[in-house]
Amino acid sequence: MSYPFPGTAFACATIVLPYGYAMIDTLVLYCRAGFEKECATEICARAGALGADGYARAKPDSAYVSYHLHDPVAIGALLADLRWRQLVFARQMLFAIPLVTDLPVGDRITPLLAAVDRLGESISGPYADVWLETADTNEAKELSAFLKKFEKPLRSALEKAGRLDTGRTTLPRLHVFFLGSGAAFVAASLPGNSSDWPLGIPRLRMPRAAPSRSTLKLAEAFMEFVGNRNAGDRLRAGQTAVDLGAAPGGWSWQFAQREIHVTAIDNGPLDKELMAGGMIEHVRADAFHWRPKRPVDWLVCDMIEKPARVAALVGDWAAAKLFKEAIFNLKLPMKKRYEELESCRAIIDGKLAAAEVEAKVRFKQLYHDREEVTGHIRLLRSR
């Protein structure tokens with residue numbers, strides 16, 4: 001059987017699963033160190049709902065989770081229907097063959113090429129590129145010197161074997177995820193259903209003029225929830241925005257740079273240089289009680305408050321149709337973070353349903369988040 005790449009408008013290649021068997025039996029998910037439990041809980045729930053039962057391995061602070069199928073043939077359901085963007089805690093999603101171990105020091109390339117061939121029995125090459133990666137931890141980064149030295153000969157061997165075609169970005173990408181110099185997952189990510197950044201980490205520079213590093217949170221959120229293709233239409237000069245809990249102004253700065261008028265709600269002070277630009281009106285008020293006189297294009301909120309309280313606030317704004325789109329952060333507790341997120345999701349969904357307002361709601365733990373998850377709501381129409 002075969003499955004076209006999910007989330008794409010073309011069918012330039014297919015995922016081939018030999019009848020009754022699939023070499024791929026593992027999902028590898030990169031995540032934030034310390035959130036392995038939440039990532040594992042989520043993938044077990046999502047995969048199970050698709051009929052792809054299995055079990056997760058999640059070592060604390062390892063920054064990745066592996067999900068192993070009880071029946072490898074069930075990988076077809078995940079290839080067809082599991083969407084990386086719908087996973088909250090996964091930075092990247094890879095389809096892998098079983099872990100390759102005992103790589104000989106004198107010749108790691110030969111067994112890795114053989115593993116690529118086994119991967120090709122399920123996700124056929126050639127591949128658009130090859131990324132050599134380790135987990136996003138200090139311990140794993142000690143392998144960085146080895147990876148830099150090893151990448152050139154491995155890439156050369158793959159090119160010689162006809163496994164790479166770097167001119168075709170619509171092809172799957174090959175990943176070699178090293179757990180150590182002698183063990184690696186050989187895997188593939190699918191175009192349109194994976195992160196376009198190594199390790200799922202966007203490389204953003206801190207703007208010198210921004211008043212705080214929190215500005216990077218909103219910059220990344222725009223990349224994730226709006227995207228470059230839609231930015232010109234959904235983030236354009238002349239729009240209006242409200243920033244709840246704005247001080248010192250890192251999120252307001254993102255709008256001001258786009259010539260979007262911002263009403264910044266906070267009893268605390270905003271950066272003086274930020275206010276000099278004339279795009280921001282500072283209102284000293286309680287963010288939980290203030291409301292605009294008319295709907296705005298954007299609502300953003302990054303306050304240190306209980307997540308349920310923030311979810312209820314944003315849900316109330318959505319139910320009253322006071323914005324077109326909203327981005328907000330939920331500061332999750334140390335325990336039961338997955339359960340708290342699902343509770344917040346239910347609060348928002350309940351308020352939308354009661355008001356008969358249709359919207360798209362999505363959550364993602366972004367790289368620049370810490371003990372947080374970023375939410376996005378886009379109103380569609382009323383029933």
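Two strands count as paired if DSSP finds at least two bridges between them. Keep that rule in mind for the first stop. The model on screen is predicted.

**Stop 1: the open sheet**

Show the chain as a cartoon and look for an open sheet of 7 strands. Going across the sheet, the strands come in the order 4-5-3-6-9-8-7, and their pairing is mixed. Now select residues 54-57, which form strand 4, and residues 130-133, which form strand 7. These two strands stand at the edges of the sheet; each has a single partner strand, so one side of each has no neighbour in the sheet. Turn the view to look along the sheet: on average, neighbouring strands are turned by 30 degrees against each other, with direction ignored.

**Stop 2: the edge at strand 4**

Add residues 64-69, which are strand 5. Strand 4 and strand 5 run antiparallel and are joined by 4 bridges. Pick Arg-57 and look across to strand 5, where Ser-66 stands opposite.

Next select residues 36-49, helix 1. Helix 1 packs on the sheet and touches strand 3 (26-30), strand 4 and strand 5. The direction of helix 1 makes about 30 degrees with that of strand 5.

Stay here and select Ala-63, in the loop between strand 4 and strand 5. Is Ala-63 buried or exposed? Ala-63 has a relative accessible area of 2%, and since buried means under 20%, Ala-63 is buried. Its backbone is also worth checking: Ala-63 has a positive phi of about 70 degrees, although Ala-63 is not a glycine.

**Stop 3: the edge at strand 7**

Go to the other edge strand and show the side chains of strand 7. Val-130 and Leu-132 point one way, while Trp-131 and Glu-133 point the other way. All four of these residues are buried.

Add residues 173-180, strand 8. Strand 7 and strand 8 run parallel, with 4 bridges joining them. Which residue of strand 8 is the bridge partner of Trp-131? The partner is His-175.

Select residues 144-160 to bring in helix 4, which lies across strand 7 and strand 8. Helix 4 runs at about 155 degrees to strand 7.

Now find Pro-126, in the loop between helix 3 (109-119) and strand 7. The peptide bond joining Gly-125 and Pro-126 is cis, with omega about 5 degrees.

**Stop 4: the largest pocket**

Switch to a surface view and select Trp-84, Arg-85, Asp-196, Met-223 and Glu-224. Among the 46 residues that line the largest pocket, these five lie nearest its centre. The space in this pocket is about 1400 Å³.

Colour the elements that give two or more residues to the lining: helix 5 (215-225), helix 6 (227-234), strand 15 (357-364) and strand 16 (372-382). Which element gives the largest share of the lining? Helix 6 does, with 5 residues. Colouring the lining by residue class gives 15 nonpolar, 16 polar and 15 charged residues.

**Stop 5: the loop after strand 10**

Select the loop between strand 10 (240-244) and helix 7 (250-256), where Pro-248 lies. The peptide bond from Ala-247 to Pro-248 is cis, and its omega is near 0 degrees.

Gly-245 is in this loop as well. With a relative accessible area of 15%, Gly-245 is buried. Leaving out residues up to four places away in sequence, Gly-245 touches Ile-265, Asp-266, Ala-287, Asp-302 and Met-303. Use the distance tool on the C-alpha atoms of Gly-245 and Gly-268: they are 23 residues apart along the chain and separated by 8.5 Å.

**Stop 6: two lysines**

Select Lys-321, in the loop between helix 9 (307-319) and strand 14 (323-331). Lys-321 has a positive phi, near 55 degrees, and is a residue other than glycine. Its relative accessible area is 41%, and Lys-321 is partly exposed.

Finish at Lys-351, in helix 10 (residues 337-354). Lys-351 counts as partly exposed, at 25% relative accessibility. Lys-351 touches Ala-312, Gly-315, Asp-316 and Ala-319, not counting residues up to four places away in sequence. From Lys-351 to Glu-339, C-alpha to C-alpha, the distance is 19 Å, with their positions 12 residues apart in sequence.

Note on methods: Residues numbered from 1 in each chain as written. Predicted model: local features only at pLDDT ≥ 70, side-chain atom pairs only at ≥ 80, totals over all residues. Heavy atoms only, no water. Axes fitted to C-alpha atoms, helices over the stretch in contact; angles between N-to-C directions. Contact = heavy atoms within 4.5 Å. 1 Å grid on protein atoms, 1.4 Å probe; cavity = no way out; pocket = protein on both sides within 12 Å on 5 of 7 lines; lining within 4 Å. Points joined across faces, edges and corners; volume = space filled by probe spheres on them. Nonpolar A, V, L, I, M, F, W, Y, C, P; charged D, E, K, R; others polar. Buried < 20%, exposed > 50% of the residue type's maximum accessible area, 1.4 Å probe, protein only.
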